[in-house]
Amino acid sequence: MREIIFDTETTGLDNKADRVIEIGGIELMNHFPTGRTFHVYINPGDRKVHPDALAVHGITDEFLKDKPSFAGIVAELQEFFDGAKWIAHNATFDMGFINAEFDRLGVPPVPADMVIDTLALARRKHPMGPNSLDALCRRYGIDNSHRTKHGALLDSELLAEVYIEMLGGRQAALGLTSVDNRRQTTEITEVIEISYERPRSLAPRLSAVEAEGHGRLVARLGSKAIWSKYSA
């Protein structure tokens, strides 16, 4: 199963007016990173970065001046995400912006059944919260000390680790290994049990005194005691 963990940074909060200025993505195959990534900065045209958004991600209008437009990266974006699930933290926000950008270019929106919201997963798994990306990193022992500001690729990398932990991906892999080991052990044991015949019984390890004492104990317990079946 192919999945893309992704994140966006934008000029503001209104997907009808504001624009996507950064997209980062991490490819997973069967819940494990493949090493393939996607990362672009995007020129939002005449839309300026809102000061509140700038405080969050630090991406300036000046920095974006020479970056391609969304139309210039859309083919590369579609190729990278083609056939994969789109996975984001608070996916409603990110998909609102992605689909708004697609709509401006006449590109069909991403179907809802191709999107997974890790915030919704976290809220079901940890209903008492908190469930921000930083909080989940702390919960799962993921080092996010280098996350001084939001960044689409960095946040995608952190979210990929969180997502794998929430699904129990690493534990599941270990579980499969354990099952395989148990199967191998069982097979070996069965071969030993079938093929092994001891040529001579081992000498008893009980002394005569200990055996006599055990016999007296069994006699006191009565004929219904389970030990009486093994006293002969």
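**Exercises on strand pairing and nonpolar cores**

In strand β5, Ile116 is the bridge partner of Ile87, and the exercises below, which concern a predicted model, start from this pair.

**Exercise 1.** Determine in which sense β4 pairs with β5, and what unit these strands make with helix α4.

*Solution.* Begin with the two strands: β4 and β5, the latter covering residues 115–117, pair in the parallel sense over three bridges. Next add the helix, α4, at residues 91–104, which together with β4 and β5 makes a β-α-β unit that is right-handed.

**Exercise 2.** Find the strand β1 and state how it pairs with β4.

*Solution.* Locate β1 at residues 2–10 and β4 at residues 85–88; these strands pair in the parallel sense, over three bridges. Then look at one position, where Ile4 stands opposite Trp86 of β4.

**Exercise 3.** Describe the largest nonpolar core, and say which element supplies the largest share of it.

*Solution.* The core has 23 residues, and those with the most contacts inside it are Phe6, Ile23, Phe70, Leu77, Trp86 and Phe102. Now ask where the residues come from: β1, β2 (20–29), β3 (32–41), α3 (70–81), β4 and α4 each supply at least two of them, while α3 gives the largest share, six residues. A separate second core, of 17 residues, includes Ile5, Ile26, Ala160 and Tyr163.

**Exercise 4.** List the contacts of Phe70, leaving aside its neighbours within four places in sequence.

*Solution.* With those neighbours set aside, Phe70 is in contact with Ile23, Ile42, Leu77, Glu101, Phe102 and Leu105. Comparing this with the core, Ile23, Leu77 and Phe102 are also among the residues with the most contacts inside it.

Conventions. Residues numbered from 1 in each chain as written. Predicted model: local features only at pLDDT ≥ 70, side-chain atom pairs only at ≥ 80, totals over all residues. Heavy atoms only, no water. Pairing = 2+ DSSP bridges. Helix = DSSP H or I, 4+ residues; strand = E, 2+ residues; numbered from the N terminus. Right-handed = clockwise from strand over helix to strand, strands pointing away. Core = buried A, V, L, I, M, F, W, Y, C linked by side-chain atoms within 4.5 Å. Buried < 20%, exposed > 50% of the residue type's maximum accessible area, 1.4 Å probe, protein only. Contact = heavy atoms within 4.5 Å.
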